[in-house]
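Here is a friendly walk through one protein, meant to be read with the model open beside you. Take a look around first, and then we can go through some residues together.

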Amino acid sequence: MSTKRRIVQAATRLFAEKGYLGTGVRDIEDAVGIRRGALYYHIGNKENLLFEIAHGQIASMNARVAEIAETDVRPEEKLRAVAHLLIQAIVDNQLATTVFFRDWIWLGDEKREEILAIRDAFEDQVARIIAEGVDAGVWVDRGPLVVKGVLGMLNHTYMWFRPQGSVSADELADTYVDILVHGLGPGPASAEE
C-alpha cells in the first residue's frame with residue numbers, strides 16, 4: 001500500500017474517532033509511523049486530507065446517482081436504487097461517511113464550495129427522480145423539502161446502523177423506500193374504525 005493511501009486510511013480512522021478538530025498532525029504521523037516532512041510531502045496539510053476523504057465519498061456517489069436517474073425504470077425503482085446505493089456506501093465506508101457528514105464544514109471556503117457543488121448536483125438528481133414521480137402522478141407534490149427529508153433519513157443512517165445487526169443494508173434500504181412510498185400505512189386499529 002502506498003504511503004499516501006496509508007496516510008488517508010489512518011486520517012479517516014482518526015477523524016472518525018476523534019473528529020477533524022480533535023486530531024492533530026502528530027496523531028496521524030504516529031498512526032502511520034512517518035515524520036512530519038514525509039506527511040506534508042504526501043498530503044500537503046491536514047485540510048487536504050479532509051478534502052480527499054470528503055471528495056472520495058461524494059464524487060463517486062454523484063456519478064452513480066446520475067446513472068440511476070438516467071435509467072428507463074419507474075421512479076419508485078430509481079428511488080429504491082438510490083436508497084440501496086446510499087446505504088451500501090455507508091456500510092462499505094462507515095468511517096469515511098462519518099468524516100464526510102460530520103466534518104466537511106471545517107474545509108476552507110474553496111474546498112467547501114467544491115464539495116457543496118457536488119452535493120447539490122447529487123440532490124438535484126434525487127429531486128429529478130422525485131419530480132418524475134410527481135409528473136407521472138405516482139406521488140403527490142409536497143414541495144422542495146421532500147428531497148432534504150428523503151436524503152436526511154437515508155444519510156443519517158451512518159450514525160446508528162451496524163452491518164452486523166439484525167437488519168441487512170438491503171432490508172434497511174427497502175424499508176426506508178417502503179416508508180417513503182407508502183407511508184406508515186394503515187395499522188390494525190385503522191380497520192376497526
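Where is the place of Asp141? Asp141 sits in the loop between H7 and helix H8, the latter covering 145-155.

## A start in the loop

Let us stay with that loop residue for a moment. Asp141 has a relative accessibility of 59%, and since anything over 50% is classed that way, Asp141 counts as exposed. Pick Ala16 as a partner for a distance check: Asp141 and Ala16 are 125 residues apart in sequence, and their C-alpha atoms lie 37 Å apart in space.

## The model as a whole

Please keep in mind that this is a predicted model. The average pLDDT of the protein is 92, and 95% of the residues reach at least 70. Confidence can also be followed element by element: helix H1, residues 3-18, has the highest mean pLDDT, at 96, while helix H10, residues 188-192, has the lowest, at 62.

How many helices and strands are there in the protein? The count is 10 helices and 0 strands, and along the sequence this reads as α-α-α-α-α-α-α-α-α-α. Taken along the principal axes, the C-alpha atoms fill a box of roughly 70 × 35 × 25 Å.

Some totals help to fill in the picture. The protein has 193 residues, of which 40% count as buried. Its accessible surface comes to about 10700 Å², and carbon and sulfur atoms account for 53% of that. Looking at contacts between residues at least 6 apart in sequence, 71% join residues at least 24 apart.

## Where H1 meets H3

Now turn to H1 and its contact with helix H3, which spans residues 36-43. The axes of the two helices are 10 Å apart, and the packing angle is about 95 degrees. Angles of 65 to 115 degrees are classed as roughly perpendicular, so that is how H1 and H3 are described.

Which residues make the contact? From H1 come Thr3, Lys4 and Ile7, and from H3 come Leu39, His42 and Ile43. Sorted by class, the contact of H1 with H3 has 3 nonpolar, 2 polar and 1 charged residues.

## Asp103 and Asn93, around H6

Is Asp103 buried or exposed? This residue belongs to helix H6, residues 94-103. Its relative accessible area is 3%, and because the limit for burial is under 20%, Asp103 is buried. Leaving out residues up to four places away in sequence, Asp103 touches Phe15, Gly19, Tyr20, Leu50 and Thr98.

Asn93 is found in the loop between helix H5, residues 75-92, and H6. With 33% relative accessibility, Asn93 counts as partly exposed. Its C-alpha atom is separated by 9.9 Å from that of Thr12, although Asn93 and Thr12 are 81 residues apart along the chain.

## Two more partly exposed side chains to visit

His84 is a residue of helix H5. At 22% relative accessibility, His84 counts as partly exposed, because burial requires a value under 20%. Which residues is His84 in contact with, once neighbours within four places in sequence are left aside? They are Asp170, Ala173 and Asp174. Another pair worth picking out is His84 and Val177: they are 93 residues apart in sequence, with 9.3 Å from C-alpha to C-alpha.

Glu114 lies in helix H7, which covers residues 109-135. Its relative accessibility is 39%, so Glu114 also counts as partly exposed. Residues up to four places away in sequence aside, Glu114 touches Phe51 and His55. Between Glu114 and His55 the C-alpha distance is 8.6 Å, with their positions 59 residues apart in sequence counted as separation.

Note on methods: Residues are numbered from 1 along each chain as its sequence is written. This is a predicted model: local features need pLDDT of at least 70, side-chain atom pairs count only at pLDDT 80 or more; totals for chains, interfaces and linings use all residues. Side-chain values use heavy atoms; hydrogens and water are left out. pLDDT is the predictor's confidence in each residue, from 0 to 100. Helices (H or I, at least four residues) and strands (E, at least two) are DSSP runs, numbered from the N terminus. Buried means under 20% relative accessible area, exposed over 50%, partly exposed in between (1.4 Å probe, protein chains only). Contact means heavy atoms within 4.5 Å. Axes are lines fitted to C-alpha atoms, for helices over the stretch in contact, and angles run from 0 to 180 degrees between N-to-C directions. Angles under 35 degrees count as roughly parallel, over 145 as roughly antiparallel, 65 to 115 as roughly perpendicular and the rest as oblique. Ala, Val, Leu, Ile, Met, Phe, Trp, Tyr, Cys and Pro count as nonpolar, Asp, Glu, Lys and Arg as charged, and the others, Gly among them, as polar. Accessible areas come from the Shrake-Rupley method with a 1.4 Å probe; for residues, only the protein chains shown count as cover.
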